Amino acid sequence: MKVDSLAQLGWSDDWARAFEPVAGPSVVPGRVVLEHNHVYRVLTADGERLAETSGRLKHHAASRRELPVVGDWVSVGQDDSGARIQIRAVLPRRTSFSRKAAGRETEEQVVAANIDVVFIVFGLDGPVKPKSIDRYLVVARASGATPVVVLNKADLCGSLAAELDVAVTAAGRVPVLAVSTMAPPGVLPLETHLGFGRTAALIGPSGAGKSSVINALLGHELLATGAVRDWDARGRHTSVHRQLVVRPSGGVFIDTPGMRELALWDTDAVTDTFEDLQALATGCRFRDCRHEREPGCAVKAAVEAGHVDASRVESYSKLRVEQDLVERKRAERALIDAKRQQGRAGAKTMREFHRDRDRRDS
Ligand code: GDP
Ligand code: ZN
């Protein structure tokens with residue numbers, strides 16, 4: 001992938017200022033377009049470079065969240081021997097999507113950075129669920145990106161006005177757009193939120209049509225960007241898929257596996273939403289109380305006393321069940337990925353692992 005100028009990637013005067021403190025004679029700015037096994041593909045004004053993090057950066061990073069992720073603006077330069085390209089510094093992020101790292105309770109894992117607009121995609125093949133909109137809005141707001149609610153599959157909806165009404169009420173001031181990848185008006189309504197140098201990402205439940213929307217937005221330009229994604233006759237991937245893609249006509253798209261898995265339970269903002277219930281739950285007799293029929297349940301007592309809304313407890317319980325499921329799946333997948341990696345020499349991105357998982361599941 002090549003760009004005409006860094007501005008096409010989102011570089012601006014603000015970023016130039018942020019770069020000044022880390023600038024040096026043989027150091028250039030670039031944006032991370034792919035991360036795989038701690039090797040980064042960085043797009044610079046001169047083209048793509050494969051880079052590793054410098055020992056210094058690794059050493060000085062107080063936590064994992066200070067290491068580069070897709071979407072980051074970084075400074076790259078050659079190492080002392082001149083043999084390798086290194087990422088020297090990560091410029092301060094404007095926005096970031098993060099989740100708790102698998103198996104590490106307290107460590108935050110940033111999954112993508114510097115996203116300007118996040119499309120929260122739902123499918124109109126079912127009714128709009130206000131609670132679901134709430135949940136994703138919490139995630140989006142925690143990131144700092146501007147959220148837009150997208151109701152896809154409008155072609156399947158017989159009561160569009162009514163569904164829009166429900167969504168608009170739930171979304172408050174956040175714009176709500178109805179689109180379809182199969183029928184007019186297509187995905188055109190999304191274009192007003194895209195533009196030269198603006199970075200977008202899509203989140204939302206699996207099956208809502210995120211891949212279809214991205215493909216529709218990129219169109220045949222996908223080929224022009226070099227991000228050829230194809231399956232050979234035996235269903236194997238045949239190329240590396242960048243997790244950040246630049247559209248020649250304007251707009252930068254980020255789609256990392258981490259982004260796709262994002263859900264409420266991954267962010268502190270979500271936990272904050274149920275902080276009161278969590279505090280109450282410490283008063284339950286059993287540590288693993290599900291607040292259903294257990295004796296000595298402080299949460300149930302609070303509901304009965306009218307201090308807490310029963311439907312909130314229900315959402316909270318559902319979230320915890322989903323959270324357990326996600327954690328289990330994640331652990332399972334990590335194991336599968338590790339095994340595959342041992343057995344396969346070819347370059348395969350996390351994105352592709354993720355795709356494989358999706359296919360197995362469907
Ligand atoms: P993702 O999991 O969110 O990436 O969803 P996909 O893009 O894989 O789409 C899930 C399914 O919905 C696929 O079978 C798509 O063909 C279908 N789909 C996507 N967009 C539309 C749409 O606008 N209308 C209809 N009828 N189907 C759609
Ligand atoms: Zn309880």
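What follows is a friendly exchange about a predicted model, its helices, its ligand shell and a few unusual residues.

Reader: Let me begin with a backbone detail. Why is Asn114 called buried?

Author: Buried means under 20% relative accessible area. Asn114 has 4%, so the word applies. The residue sits in the loop between strand S7 (108-113) and strand S8 (117-123).

Reader: And what makes the phi of Asn114 worth a remark?

Author: Its phi is positive, about 60°, although Asn114 is not a glycine.

Reader: Which other residue has a positive phi without being a glycine, and where does it lie?

Author: That would be His291, with phi near 60°. You will find His291 in the loop between helix H9 (275-281) and helix H10 (298-304). His291 has 8% relative accessibility, and the cut-off is under 20%, so His291 counts as buried too.

Reader: Gly186 has a relative accessible area of 19%. Why is Gly186 called buried?

Author: The rule is under 20%, and 19% meets it, so Gly186 is buried. Gly186 belongs to the loop between strand S10 (176-178) and strand S11 (199-203). Its C-alpha atom is 9.5 Å from that of Lys153, a residue 33 places away along the chain.

Reader: What makes the bond between Pro184 and Pro185 a special case?

Author: The peptide bond joining them is cis, with omega about 5°. Pro185 is also in the loop between S10 and S11.

Reader: On to the helices. How do you know that the length of H3 agrees with what its residues should span?

Author: H3 covers residues 130-143, which is 14 residues. At 1.5 Å a residue they should span 20 Å, and the end C-alpha atoms are 20 Å apart, so the two agree.

Reader: Which residues of H3 are buried, and how do you know that they line one face?

Author: The buried ones are Ile133, Tyr136, Leu137, Val139, Ala140 and Ser143. Looking down the axis of H3, these residues fall within an arc of 160°, so they line one face of the helix. In general, an α-helix has 3.6 residues a turn, so residues three or four places apart point the same way. After H3 comes Gly144, with a positive phi near 95°.

Reader: What makes you say that the buried residues of H5 line one face?

Author: In H5, Lys210, Ser211, Val213, Ile214, Leu217 and Leu218 are buried. Viewed down the helix axis, they lie within an arc of 165°, so they too line one face. Gly219 follows H5, and its phi is positive, near 55°.

Reader: What does H5 give to the shell around ligand 1?

Author: Helix H5 (residues 210-218) gives the most, with 3 residues. There are 16 residues around the ligand, and Asp155, Thr181, Gly207, Lys210 and Ser212 come nearest. By kind, the shell divides into 4 nonpolar, 8 polar and 4 charged residues.

Reader: How do you know that Ser212 makes a polar contact with ligand 1?

Author: The limit is a pair of N or O atoms within 3.5 Å. A polar side-chain atom of Ser212 is 2.6 Å from an oxygen atom of ligand 1, so the pair qualifies. A backbone N or O atom of Gly207 is 2.7 Å from a ligand oxygen, and a side-chain N or O atom of Ser180 is 3.3 Å from one. By the 3.5 Å limit, these are polar contacts as well.

Reader: How much of ligand 1 does the protein bury?

Author: Taken alone, ligand 1 exposes 580 Å², and the protein buries 72% of that.

Methods
Residues numbered from 1 in each chain as written. Chains lettered and ligands numbered in written order. Predicted model: local features only at pLDDT ≥ 70, side-chain atom pairs only at ≥ 80, totals over all residues. Heavy atoms only, no water. Helix = DSSP H or I, 4+ residues; strand = E, 2+ residues; numbered from the N terminus. Expected span 1.5 Å × (residues − 1). Buried < 20%, exposed > 50% of the residue type's maximum accessible area, 1.4 Å probe, protein only. Arc of directions from axis to C-beta. Near = heavy atom within 4 Å. Polar contact = N/O pair within 3.5 Å; in protein donor to acceptor, adjacent residues only side chain to side chain. Areas by Shrake-Rupley, 256 points an atom, 1.4 Å probe, with all protein chains shown as cover. Nonpolar A, V, L, I, M, F, W, Y, C, P; charged D, E, K, R; others polar.
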